[in-house]
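Colleague: I am new to this structure. Please pick one part and take me through it closely.

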2 protein chains.
Amino acid sequence: MTARTSTESARDIPEATVARLPVYLRALTTLSEAGTGTCSSEALAAAAGVNSAKLRKDLSYLGSYGTRGVGYDVDYLRYQIAREIGVTQDWPVVIVGIGNLGHALANYSGFRSRGFRTVALLDADPTRHGEMVAGIEVQPFDDLESIVAEHGVAIGVIATPAVAAQAVADRMVACGITSILNFAAGVLSVPAGVDVRKVDLSVELQVLAYHEQRKAQGELA
Amino acid sequence: MTARTSTESARDIPEATVARLPVYLRALTTLSEAGTGTCSSEALAAAAGVNSAKLRKDLSYLGSYGTRGVGYDVDYLRYQIAREIGVTQDWPVVIVGIGNLGHALANYSGFRSRGFRTVALLDADPTRHGEMVAGIEVQPFDDLESIVAEHGVAIGVIATPAVAAQAVADRMVACGITSILNFAAGVLSVPAGVDVRKVDLSVELQVLAYHEQRKAQGELA
DNA sequence: TCCGTTTTGTTCTCCCGTTCACAAACTCCT
DNA sequence: AGGAGTTTGTGAACGGGAGAACAAAACGGA
């Protein structure tokens, strides 16, 4: 899934843990907004929907931020996780492909509130250029290079049809983007050192259908 | 992630394999449309973006559908996988929450082409009722029970704000839905026997940010 | 100060998933 | 018919993650 070229730093956190840290972060934010100052691993694990032993092990990769007999300081732990993930800094993002999904992504508040700032919406279709989406003007895809250079964009989101996705990814990589979130169907091939994460909506439904089918079979047996 | 109550059937396919079957299915469809009649595990693995040994082991859980020295018949294998997943049959689906994301989901062609038929779009906001989205009229959320009963819906999609998600899930479970695809933030609690899969867009970006941050640290070292 | 209580951090064990490697099986060519 | 070449299916080794269990550490009360 992820390709790494540079030398690993001192602490390397397991992938499974990295994927759960954002979940803990959200749970901590909820707790903080509810006025909770301190919480136990048991309570936080319940809020995040995981096993408490797993939670403690995950947090131990970051350091010892808890107090035995007491628990974790909600705001302190929240800051530590945010810093570790990198969401304390500002991440400029470009979204390519402003169809239905691109619209939804541009309007998604969960990005901005976590340090991701959409600096540009790009689309190859000239009839869409100039259209305002979520307060941002849709620009030509050919402006990609200048926008990436100007804002120092490292993360790109692909929400185009499947046929265009590889070409978009190639252009992104060529102008220096090193992390891609891909919503288009199919496999992207990118050089080593570029991370790609794929979200496929239909795959999720198909997994549910598989289990649903098995439930039905079990009933008539 | 998934809870199972009924007795397992004869063959139980590993979860990791189940999650990849839809990917193979898509790759096979692409090959078939390109006129390819037969393919090797190596070729299919490349198209699906996985290791060929892993692909062969995955397929071996379904049965022996290949021919040694030759490979797999594309259309035959495609049918077998589709049957195993359950996408040869028709799956009625309801989508609750017709905001930006709900719009995108309703218009997403990848659902319909895989046997998922959106039978209703529901929203609690009365000002949206009657609006036509993707050729379907938005109806009141309170119609959930009658719609589920009428169409025999087993799969529900939640695309509401986070605060409403648990209440929607509870109503879905109460009227017989046993599989839920959840796009809302936060943890859903459901009784055993109900499967929930969660898609969190901001989690994916945060994982990318973590790796991006580490790349940057590696460079200056 | 000392003891009981609570909760973290960590060790250990088990299980699932990935990958290698190879025998079995099939095709094609001579 | 037989051998060379190809490709599947699977046994076995390996690595990583999940969960149980416990020692270490902090707090509170007497």
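Modeller: Helix axes here are lines fitted to C-alpha atoms over the stretch in contact, and angles run from 0 to 180 degrees between N-to-C directions. Helices (H or I, at least four residues) and strands (E, at least two) are DSSP runs, numbered from the N terminus. This is a predicted model, where local features need pLDDT of at least 70, side-chain atom pairs need 80 or more, and totals for chains, interfaces and linings use all residues. Residues count from 1 along each chain as written, chains are lettered from A and ligands numbered from 1 in written order, and side-chain values use heavy atoms, without hydrogens or water.

Start with helix H1 (residues 15-33) of chain A. Its axis comes within 10 Å of that of H3(A), and the two cross at roughly 105°. H1(A) and H3(A) are therefore roughly perpendicular (65 to 115 degrees). From H1(A), A:Thr17, A:Arg20 and A:Tyr24 meet A:Lys54, A:Leu55, A:Asp58 and A:Leu59 of H3(A); contact means heavy atoms within 4.5 Å. This contact has 3 nonpolar, 1 polar and 3 charged residues. Asp, Glu, Lys and Arg count as charged, Ala, Val, Leu, Ile, Met, Phe, Trp, Tyr, Cys and Pro as nonpolar, and the others, Gly among them, as polar.

Now chain B. H1(B) packs on helix H2 (residues 41-48) of chain B at about 110°, with the axes 9 Å apart. That makes H1(B) roughly perpendicular to H2(B). B:Val23, B:Tyr24, B:Ala27, B:Leu28 and B:Leu31 of H1(B) meet B:Leu44, B:Ala47 and B:Ala48 of H2(B). The contact of H1(B) with H2(B) has 8 nonpolar residues, no polar ones and no charged ones.

Next, the DNA. There are 27 residues around DNA strand C, each with a heavy atom within 4 Å of the strand. A:Ser41, A:Tyr72, B:Arg20, B:Lys57 and B:Arg68 come nearest. Sugar and phosphate make up 66% of the strand C atoms that come within 4 Å of the protein. By class, the surface near strand C has 7 nonpolar, 11 polar and 9 charged residues.

Which elements build that surface? Helix H3 (52-60), strand S2 (66-67) and strand S3 (71-73) of chain A, plus helix H1 (15-33) and helix H3 (52-60) of chain B, each supply at least two residues. H3(B) gives the largest share, 4 residues.

Look at the phosphates last. A polar side-chain atom of B:Arg20 lies 2.8 Å from a phosphate oxygen of strand C. Polar backbone atoms reach phosphate oxygens too: that of A:Ser41 is 2.5 Å away, and that of A:Gly66 is 3.0 Å away.

Definitions and conventions
Polar contact = N/O pair within 3.5 Å; in protein donor to acceptor, adjacent residues only side chain to side chain. Parallel < 35°, antiparallel > 145°, perpendicular 65-115°, else oblique.
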